[in-house]
Amino acid sequence: MMEPSFLESICNTRKLALRDDILLSVEKAARYIGNEFGAVMKDKNEVAIRYAMCFPDVYEIGMSHLGIQILYDMFNRRPDVWCERVYSPWTDAAEVMKREGTPLFALESQEPIRTFDFLGMTLQYEMCYTNVLQVLDLAQLPLLAKDRGEDDPIVIGGGPCTYNPEPLADFFDLFFIGEGEAHYDEFFDLYRKMRTENTYSKDAFLHAAAQIPGFYVPAFYETTYHADGTIASFVPKFSDIPATVKRQVITVLDASPYPTKPVLPFVQATQDRMVLEIMRGCIRGCRFCQAGMIYRPNREKSLDILKKYALELIEATGHHEISLSSLSSSDYTRLPELIDFLIDECGKRHINISLPSLRIDAFSLDVMKKVQDVKKTSITFAPEAGSQKMRNIINKGLTEEDIFGGAALAFEGGWNKIKLYFMLGLPEETDEDVTAIPRLANEIAALYYDTVPKEKRNGRCNINISTSFFVPKPFTPLQWARMYPQEEYLRRAHLLKETMQGLLNHKSLSYQYHQADATILEGVFARGDRRLGRVILTAYKAGATFDAWSEYFDMNRWMDAFKECGIDPDFYIMRDRGEDEIFPWDFIDTGITKRFLLREWQQAKEGVVTPNCRSRCSGCGCSAFESGVCVR
Amino acid sequence: MRYRIRFAKYGVMRYVGHLDLMRFFQKALNRAKVPLSYSKGYHPHPLISFAAPLSVGVTSGGEYMDIVTEEPIDAKNTLDALNAQMVDGMLIVSVKELSDKAKNAMAAVEAAAYYVYFKEYPFVRNDISGNMSILSEDGSSPAELKKYDTDAFREQIRTFYTNADSIYITKQTKKSERKIDLKPLIYDFHVEDTTSSFSENAEQTGLPDINVVFYMLLSTGSTDNIKPELVMEHFLSSMGITPDAYQLGIHRVDMYRRDEKNELVSL
């Protein structure tokens, strides 16, 4: 290639959607230019389907998400599809785009996404719902699905929030429920066929798509309500539309392609490392954990394929860090061999290994010692609750002995910082259970002073308590549980803090807790119904976006929106739900039976522990998938 | 073994900041399998250093970074291997071995040459298929400046720079104000002859028809680091012109060190 001349240098070799003066006036202009190494460029005239894949949050967050990279890679393997990426413009750029009428664009082609065939959005957390509306708005698309026309893209939602998509029912044409790798070929083939045969209309296409397993068209269902506000019926409006939508699952993970040549952002992503997904699902069955339920059954990738992926990732990215991804890495059967392999391959290439979600025991501490600087890192435990009674209720199979044993080993190994994660506001929680949290931390600190002789101590130990407030999620055994008013959450947090300050080792303890008001809103949306669409729209119109960012979250704006729509948020969170109540998400068949969840809810209230999937099948219903841990 | 890599950063890559560029190169060098040496200690980092960071928005044909390798590398092969890892707007121009006694780029750099121009809208670009075309007409044309002809600028440079004994300015730092004389730190400042050096038939080449281009050679490095926008700001204000924000375009032409005869040569 020839060296560019001065004049060639100052011209852009790619079309950019944002003007030079805009790019130079916003923070991190590289968020908006595309052009990253690994970004897929195609000739738009050679493809039949343009797909915009959106993570409705800022670029650095969205670029850290593995799911999008997987689908981006898979879709683009089809020569007839060009899948491009879109993220929420940060507030500075969004403001200029809105003011100047610049339509939201895809990063690769820099072309407006409103001209695309599909706009797919991943819904990872409830607090992104106003960003969904902002994406549609900046794209210059009507916000309501019913107002979008034949030429507008079909808007599809996916991700964990689709396990109750109802609050977003008004805004999406389609949801896909399950693992995105399944059935997308059928879906694209259907679209192409209808387009080429000239049988396409939005309505005809949605009818046909609803026949593909996992696809849900909210507009094709009708809800009626009892006088008390609960659901009386939820039925399809048409005879060709299925009454339940089945979650789609990949049965053999090894058979599904993996993105070993991911897009490499210029702007540092929140997760700036290679990601090796080792398994899906979890054997543990913690009763609060939605991921632990909706991704069942636990399925592992083979050691051989993981070794192959790791080497390919190293070659293709040049990254200096690799991370294992799963819900509970310690449960991966062949973890020791995998880690030995990585230490060997990464060590000689100066690549760091990051090991999140490891259970703390002799093995993991030994591994961490090999791959981390003990002095600079902390050891993390997630007991989730302070008392054994509470841990039994949530089925967190971590005992005090495990924690003390692990902490003692860590202290002996040279660590003196420990992080502890807990939840407040769990069902059946009493003040005694709340104060059990700082008492546990206090005992861990005491253990440090008992275990480590004075001359070997590196100052005080540092035990950091962090709490979030429990939000009951659909398809978990705790989906029947009530929540509490904001003042009650704060009272519990303050009780925890005051108790901590009175303890012997309080100087070694510190405490942080999450925002309580955002928790309330998250709770409303998690178990909300389609009547909430109006509230989201009203709040967005009043200026709500980036609600997941505490600096932009404004609870008063939301409370005003509830009031304006005549909807009482307490209905969704403060009420005890009856065992025969029809939930807004009951039309989804996740494979886990409601009978199982109810049994677990009873066991929770009785404090009875359920063994993990490997010890004994608890009959959740997922064995019907005939995959992973269910067929061992 | 030490090597100096010269590269160009142009087009859309002007929007990528220095820290992001460093991360980009670290990965690209790994992908190209360059056997980088690492620092010692618990957090080893690859031995890569840059001559002088380039501000966001500035293009360049003469950027430099030094690398240290564990074993000798073939310059030509490395050049090709690295270019295979580049993106639109990045080009590796040369890879050269450094002698043992050569200072590293950051310490050696003494001067940098720049072209400064007034941005004209619309910008020109290649589309994906490689065809040149003119971008949409949004963005205001800086019509104000068109009435200044190059002769007026040439004349003012004589007053402001060539014939001036000193150019005192007040430089704001975080803590204090400092009076400095720019005159000895500006080694050259003139208006380029755009009719001969640059494209005059914009329509044929698709390249912009630039009205006026300033050339300046400025002291650069750790002691007296003079930025072209600083010089332009004082020069233009001496003519009573305040350009709009983001209106000045800057292109770094090259960076220089002093050789044994104290003459400026490319890094």
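What share of the contacts in chain A with a separation of 6 or more comes from residues 24 or more positions apart? The share is 77%, where contact means heavy atoms within 4.5 Å. This is a predicted model, in which local features need pLDDT of at least 70 and side-chain atom pairs count only at pLDDT 80 or more, while totals for chains, interfaces and linings use all residues. Residues are numbered from 1 along each chain as its sequence is written, chains are lettered from A and ligands numbered from 1 in the order in which they are written, and side-chain values use heavy atoms, with hydrogens and water left out.

**Chain A overall**

- Chain A holds 21 helices and 19 strands. Helices (H or I, at least four residues) and strands (E, at least two) are DSSP runs, numbered from the N terminus.
- A compact globule of 632 residues would have a radius of gyration near 26 Å, and chain A agrees with its 25 Å. The radius is taken over C-alpha atoms, and the globule rule is 2.2 Å times the number of residues to the power 0.38.
- Along the principal axes, the C-alpha atoms of chain A fill a box of roughly 75 × 70 × 50 Å.
- Of the 632 residues of chain A, 62% are buried. Buried means under 20% relative accessible area, exposed means over 50%, and partly exposed lies in between (1.4 Å probe, protein chains only).

**Chain B overall**

- Chain B has 8 helices and 13 strands.
- Buried residues make up 52% of the 267 residues of chain B.
- In chain B, 70% of the contacts with a separation of 6 or more are between residues 24 or more positions apart.

**Where the chains meet**

- The size of an interface is often given as the accessible area lost when the parts come together.
- Chain A and chain B bury about 4,600 Å² between them, 65% of it on carbon and sulfur atoms. Buried area is the accessible area (1.4 Å probe) that two parts lose on being put together, summed over both.
- Chain B brings 53 residues to the contact, and chain A brings 48 residues.
- Between the chains there are 2 salt bridges. A salt bridge is a side-chain nitrogen of Lys or Arg within 4 Å of a carboxyl oxygen of Asp or Glu.
- One salt bridge joins the side chains of A:Glu315 and B:Lys33, at 2.9 Å from N to O.
- There are also 10 residue pairs in polar contact between the chains, both residues at pLDDT 80 or more. A polar contact is a pair of N or O atoms within 3.5 Å; within protein, one must be able to donate a hydrogen and the other to accept it, and residues adjacent in sequence count only if both atoms are side-chain atoms.
- Elements of chain B that each supply at least two residues of the side touching chain A include β1 (2-9), α1 (18-31) and β3 (59-68).
- The largest share of that side, 7 residues, comes from α1(B).
- By class, the side of chain B that touches chain A has 29 nonpolar, 13 polar and 11 charged residues. Ala, Val, Leu, Ile, Met, Phe, Trp, Tyr, Cys and Pro count as nonpolar, Asp, Glu, Lys and Arg as charged, and the others, Gly among them, as polar.

**A loop residue: A:Gln479**

- A:Gln479 sits in the loop between β17 (462-469) and α16 (486-501) of chain A.
- With a relative accessible area of 1%, A:Gln479 is buried.
- Beyond its neighbours within four places in sequence, A:Gln479 has contacts that include A:Lys473, A:Arg527, A:Phe583 and A:Trp585.
- A:Arg527 is 48 residues away along the chain, with 8.1 Å between its C-alpha atom and that of A:Gln479.
- The side chains of A:Gln479 and A:Trp585 share a polar contact of 2.8 Å.

**Helix α8 of chain A**

- Helix α8 (residues 202-209) has as its buried residues A:Lys202, A:Phe205, A:Leu206, A:His207 and A:Ala209.
- Their cover includes β3 (118-122), β4 (154-158) and α7 (184-196) of chain A.

**Salt bridges**

- The whole structure has 58 salt bridges over all chains.
- A:Arg50 and A:Glu84 form a salt bridge at 2.9 Å, N to O. A:Arg50 lies in strand β1 (residues 49-55) and A:Glu84 in strand β2 (residues 81-87), 34 residues apart. Both residues are buried.
- A:Lys389 and A:Asp433 pair with their closest N and O atoms 2.6 Å apart. The salt bridge links helix α13 (residues 388-393) to helix α15 (residues 431-451) of chain A. A:Lys389 is partly exposed at 38% relative accessibility, whereas A:Asp433 is buried at 5%.
- A network of salt bridges links A:Glu179, A:Glu181, A:Glu277, A:Arg280, A:Arg299 and A:Lys301.
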